[in-house]
Structures are given as C-alpha cells and as structure tokens.
Amino acid sequence: YNIAIAYDINIKVVKDEILKILNNDPRVLKTPVPEIFVNELRNSSINLVVRAWADRSNYWEVRNSLQEEIKMSFEKAGISIALPPQEIIISSPTKES
C-alpha cells in the first residue's frame, strides 16, 4: 500500500518507524523481507510504497491492522501524513455603476 508523507518529514525516520512495526508483527513473513521505498515525489507529498507479506489466510486482517498501527505510530512520533493542498479564494462583490 501507499503512504504519502509531507516533504518536511525525514524519510529515514518514517521508514525506520514502519519497519519496526513490520518486524515486530509475527504475522508478517520474514521471507521475502518487507520493503519500503520512495515511489513518487509529488507536488505536495513524498509517496512511499510499503510491501509486507503474510499468509493468504489472514492477509486482509494483517494489512488492515498494520495500516492502523502505522497511523497510530505516526501520531505518537509526530509524523504527519501529507494532505492535498487547498486554495481558498475570498472575494467581495463589486459595485456595478
């Protein structure tokens, strides 16, 4: 799955945090080893891909719980997930002559 992080976040810190979670979960297979890599440098985010393998019988359970664990871990570590920028334009009506 993909995770978008803000440009001001240290990629190594993020990767280390995710790997800690993956390596400590006994449901994640040790072979092949989990992977985390930069997939894209977007306008407002650095997009990472996280690959971890699990048995087919509990793949979705593992995938979903890992995403939740990663989110909670990011909150504790002060790591922000990138949000798309929004532009708000406020204008006043003009008087017509």
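In this predicted model, 1 aromatic pair is present. The ring centres of Tyr 59 and Trp 60 lie 5.0 Å apart and the ring planes stand at 80 degrees, so the pair is classed as edge-to-face, the cut-off for that class being over 60 degrees. The two partners fall into separate accessibility classes: Tyr 59 has a relative accessible area of 33% and is partly exposed, whereas Trp 60 reaches 56% and therefore counts as exposed, the limit for that class being over 50%.

The chain contains 2 helices and 3 strands, and these elements follow one another along the sequence as β-α-β-β-α. The radius of gyration is 19 Å, well over the 13 Å that the globule rule gives for 97 residues, so the chain is more spread out than a compact globule. The C-alpha trace spans about 75 × 30 × 25 Å along the principal axes. Of the 97 residues in the chain, 29% are buried. Contacts between residues at least 6 apart in sequence were also examined, and 67% of them join residues at least 24 apart.

The 3 strands form an open sheet with the order 1-3-2 and antiparallel pairing. Strand 1 (2–5) and strand 2 stand at the edges; each has a single partner strand, so one side of each is left without a neighbour in the sheet. On average, and with direction ignored, neighbouring strands of this sheet are turned by 30 degrees against each other.

Both pairings in the sheet involve strand 3, as the order 1-3-2 shows. Strand 1 is joined to strand 3 (residues 46–51) by 4 bridges, and the two strands run antiparallel. Within this pairing, Ala 4 has Asn 47 of strand 3 as its bridge partner. Strand 2 is joined to strand 3 by 6 bridges, again in the antiparallel sense. Here the bridge partner of Glu 35 is Arg 51 in strand 3. The connection from strand 2 to strand 3 is a hairpin that passes through 4 residues.

Salt bridges were counted with a nitrogen-to-oxygen limit of 4 Å, and the count comes to 7. One of these joins the side chains of Lys 20 and Glu 17, with an N to O distance of 3.5 Å. Both residues lie in helix 1 (residues 11–24), where a separation of 3 residues corresponds to about one turn of the helix. Lys 20 is partly exposed, at 44% relative accessibility. Glu 17, at 16% relative accessibility, counts as buried, because the limit for that class is under 20%.

Three further charged residues, Asp 25, Arg 27 and Glu 61, are linked in a network of salt bridges. Asp 25 and Arg 27 form a salt bridge in which the closest N and O atoms are 2.8 Å apart. The side chain of Arg 27 also meets that of Glu 61 in a salt bridge, with an N to O distance of 3.3 Å. This second pair links distant parts of the chain: Arg 27 belongs to the loop between helix 1 and strand 2 (35–41), Glu 61 belongs to helix 2 (residues 59–77), and the two are 34 residues apart. Within the network, Asp 25 is buried, with a relative accessible area of 6%, while Arg 27 is partly exposed at 24%.

The loop between helix 1 and strand 2 also holds Pro 32. The peptide bond from Thr 31 to Pro 32 is cis, with omega near -5 degrees. As a rule, most peptide bonds are trans.

Methods: Residues numbered from 1 in each chain as written. Predicted model: local features only at pLDDT ≥ 70, side-chain atom pairs only at ≥ 80, totals over all residues. Heavy atoms only, no water. Buried < 20%, exposed > 50% of the residue type's maximum accessible area, 1.4 Å probe, protein only. Phe/Tyr/Trp six-rings, centres within 6.5 Å; stacked < 30°, edge-to-face > 60°. Pairing = 2+ DSSP bridges. Axes fitted to C-alpha atoms, helices over the stretch in contact; angles between N-to-C directions. Rg over C-alpha atoms; globule rule 2.2 N^0.38 Å. Contact = heavy atoms within 4.5 Å.
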